[in-house]
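Here are a few exercises to work through with the model open beside you. Try each one before reading its solution.

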2 protein chains.
Amino acid sequence: MDSDRLEEAIGYHFAQPALLAQALTHRSHGVGHNERLEFLGDSVLNCLVAAEIFRRFEALREGELSRLRASLVRQETLHQIAQELALGDYLLLGEGELKSGGHTRPSILADALEALFGAIFLDGGFQAAQEVIGRLYGATLRGLDTKATGKDPKTMLQEFLQARHTPPPKYAVVTTRGAAHSQEFEVECLIPELSVRTTGSGASRRAAEQEAAQRAYDQVRK
Amino acid sequence: MDSDRLEEAIGYHFAQPALLAQALTHRSHGVGHNERLEFLGDSVLNCLVAAEIFRRFEALREGELSRLRASLVRQETLHQIAQELALGDYLLLGEGELKSGGHTRPSILADALEALFGAIFLDGGFQAAQEVIGRLYGATLRGLDTKATGKDPKTMLQEFLQARHTPPPKYAVVTTRGAAHSQEFEVECLIPELSVRTTGSGASRRAAEQEAAQRAYDQVRK
């Protein structure tokens, strides 16, 4: 399959397409396979995830950081991200692996994703790898923010604004849809001082507000 | 002890001296200790060593690269580098650790060195960490070149020059010292085309030549 779409999905364009091709070649396909790139990419990923959680979670101690990183770089997480990218569609596999469904095997997909990170590191350097991994891990890391702090998005947003002497956000219901027992709310979150306007939806007004707050929080933190 | 000398030894000057101080503070000394930095530095070191051996040893497979990296980032290697830097002289330890000789304990020194790498990464970025680690690991990595390729320095130098269409080096005995049964040879290695002149010494002419060749090889590869 044309790898242009994959490059679009990861938000990175290779200067050396041969590196991308190598990252997508499973050992079963023959020479020029991705095992060495996987070794490199695994290290790059570990380092970038470590740097990111070190920065995000100032209160966590070494042991907690180690556990957190392990959860982020394990096969299950990599497999999930690989699926979101439809990485299996681009893999080159040997015949045996093709027939036995190698395209969907979690270990093959996770390894190929690591190899892809290694290829980006070689092609574009540390910064490029950091940007791509930051994007692909964004949702997962934001989910951790909430869990790690034990605070919901509305609280985190409000505290963030307070610390910067900005007035609290305004929430307003934009629309409600559906019958009384299965309503869906759409809510907007406004921070005029920062030109932020986000929306969220959910089965309750509160749930919709939390989603809008999360999106606003993601914007103002950038 | 004044950390200027340590900065000189590692060839890096901190923009944020507080990071250096933290890297040198053992947990036993109290708050602001180096455990989180150690977590970060360990990841940075792993990544940089992986990138370096990936580049140096093109023929090695994933499993061999993993073993090689493990040998480079293990406590013993870190301890040795920490000793060369006299890192123990700069550590801040609690009273108990001070009394029981914590300054020389391999685990404390290795951890502090990793923390130092983490601090450099935060202070100066990936590139700065790469340069410092490259310098500190230089001798170790050059030793690996020989082992990994199975070739001695004279052969490696000659092949290197041949590939660049440069005439082979000339070796000449400069001096011999000592009685017949315990002579020491000093040999020079000359590559006029590259303005290289190095010397080596050893108990045999061959050993002295190999040392001179290694030094010449280190120079021409830069």
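**Exercise 1.** Find which residue of chain A comes closest to the rotation axis, and work out how the two copies are related.

*Solution.* Start at Cys47(A): its C-alpha comes closest to the axis of all residues of chain A, at 3.1 Å. Keep in mind that this is a predicted model, where local features need pLDDT of at least 70, side-chain atom pairs count only at pLDDT 80 or more, and totals for chains, interfaces and linings use all residues. Residues are numbered from 1 along each chain as its sequence is written, and chains are lettered from A and ligands numbered from 1 in the order in which they are written.

Next, take the operation itself: chain A lands on chain B after a rotation of 180 degrees with 0.4 Å of shift along the axis, with an RMSD of 0.5 Å (a least-squares fit on C-alpha atoms of residues with pLDDT of at least 70 in both copies). The copies are thus related as by a two-fold rotation axis. Finally, 100% of the contact residues of chain A recur in chain B, so to speak the same surface serving both copies (contact: C-beta atoms, placed from the backbone, within 7 Å).

**Exercise 2.** Work out which helices of chain A supply the side that touches chain B.

*Solution.* Count first: 17 residues from chain A and 17 residues from chain B take part. Then assign them: H3 (35–56) and H4 (62–73) of chain A each give at least two residues to chain A's side (helices are DSSP runs of H or I, at least four residues; strands are runs of E, at least two; both are numbered from the N terminus). H3(A) has the largest share, 12 residues.

**Exercise 3.** Lay out the sheet of chain A and say what packs on it.

*Solution.* The order is E1-E2-E3, an open sheet of three strands with antiparallel pairing (strands pair if DSSP finds at least two bridges between them). At the edges sit E1 (170–177) and E3 (196–202) of chain A, each pairing on one side only. From one strand to the next the twist averages 20 degrees. H10 (residues 205–221) of chain A then packs on the sheet, touching E1, E2 and E3 of chain A, and its direction makes about 145 degrees with that of E3(A) (axes are lines fitted to C-alpha atoms, for helices over the stretch in contact; angles run from 0 to 180 degrees between N-to-C directions).

Note on methods: Contact = placed C-beta atoms within 7 Å.
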